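Q: I would like a close look at a single part of this model, taken slowly and with the neighbouring parts brought in where they help. Please keep to what can be read from the structure itself.

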Amino acid sequence: TGVPAVFQAAHPMPNPFNPSTTLRFDLPSAQSVRLVVYNPSGRRVATLISDTLPAGRHEARWQGRDHAGRPVAAGTYLYRLEAGPWSASGKLELVK
């Protein structure tokens, strides 16, 4: 409980995943947050968060669907989390 002292982004769990994965992160202060999933060529697949969030622990779930709600193919995807002055990125492995 309480407000986190530092920004921290946990590894997505589970990863590899099917049918969904959860991305968790801590904000030490309220920030404008954007969390986007991309395919390996850099095209945006889905925007999971685009909002101002309060300080605290947060999570977003990706269910392997694109911005229109269609299931995406199995494979490697990339995520980028931007929260004010902080950022984190990594790989997501969707298996079917």
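How many bridges join strand β3 and β6, and in which sense do the two strands pair? Please go on from there to the cavity and to the loop between β1 and β2.

A: The model is a predicted one, and what follows should be read with that in mind. Strand β3, which covers residues 31–38, pairs with β6 in the antiparallel sense, and 6 bridges join the two. Within this pairing, Val37 stands opposite Tyr79 of β6. β6 also pairs with strand β7, residues 86–94, again in the antiparallel sense, here over 9 bridges, and in that pairing Leu81 stands opposite Ala88 of β7. The hairpin formed by β6 and β7 has 2 residues between its strands, and Gly84 in this hairpin takes a positive phi near 55 degrees.

Two of the β6 residues just named, Tyr79 and Leu81, return in the lining of the largest cavity, together with Ala9, Ala10, Leu23, Arg24, Phe25 and Leu35. Two elements give two or more residues each to this lining, namely β2 (21–27) and β6 (75–83), and the largest share, 3 residues, comes from β2. By character the lining residues divide into 7 nonpolar and 1 charged, with no polar residue among them. The volume of this cavity is about 40 Å³, and the structure holds 1 cavity of 30 Å³ or more.

Since β2 contributes to that lining, its own pairing deserves a look. An open sheet of 3 strands runs in the order β1-β2-β5, with antiparallel pairing. In this sheet β1 (8–9) and β5 (56–62) stand at the edges and have a single partner strand each, so that one side of each lacks a neighbour in the sheet. Between β2 and β5, which run antiparallel, there are 7 bridges, and one bridge pair consists of Thr22 and Arg61, the latter in β5.

Arg61 leads on to the loop between β1 and β2, where Ser20 lies. The side chains of Ser20 and Arg61 make a polar contact at 3.0 Å. Leaving aside residues up to four places away in sequence, Ser20 touches Pro14, Arg61, Trp62 and Gln63. Ser20 has a relative accessible area of 13% and is therefore counted as buried, the cut-off for that term being under 20%. Pro14, one of the residues that Ser20 touches, has its place in the loop between β1 and β2, and a cis peptide bond, with omega about -10 degrees, joins Met13 to Pro14. Pro19 is found in the loop between β1 and β2 too, and the peptide bond from Asn18 to Pro19 is likewise cis, with omega near 15 degrees.

As a counterpart to Ser20, one may take Pro71, which lies in the loop between β5 and β6. Pro71 has a relative accessible area of 54% and so counts as exposed, a term that requires over 50%. Apart from residues up to four places away in sequence, Pro71 touches Gly64, Arg65 and Lys96. Along the chain Pro71 and Thr22 are 49 residues apart, and their C-alpha atoms are separated by 17 Å.

Key
Residues are numbered from 1 along each chain as its sequence is written. This is a predicted model: local features need pLDDT of at least 70, side-chain atom pairs count only at pLDDT 80 or more; totals for chains, interfaces and linings use all residues. Side-chain values use heavy atoms; hydrogens and water are left out. On a 1 Å grid over the protein atoms alone, a cavity is a set of points where a 1.4 Å probe fits but cannot get out, and a pocket is an open set with protein on both sides within 12 Å along at least five of seven lines; lining residues have an atom within 4 Å of a point. Grid points are joined across faces, edges and corners, and a volume is the space filled by probe spheres set on the points. Helices (H or I, at least four residues) and strands (E, at least two) are DSSP runs, numbered from the N terminus. Ala, Val, Leu, Ile, Met, Phe, Trp, Tyr, Cys and Pro count as nonpolar, Asp, Glu, Lys and Arg as charged, and the others, Gly among them, as polar. Two strands pair if DSSP finds at least two bridges between them. Buried means under 20% relative accessible area, exposed over 50%, partly exposed in between (1.4 Å probe, protein chains only). A polar contact is a pair of N or O atoms within 3.5 Å; within protein, one must be able to donate a hydrogen and the other to accept it, and residues adjacent in sequence count only if both atoms are side-chain atoms. Contact means heavy atoms within 4.5 Å.
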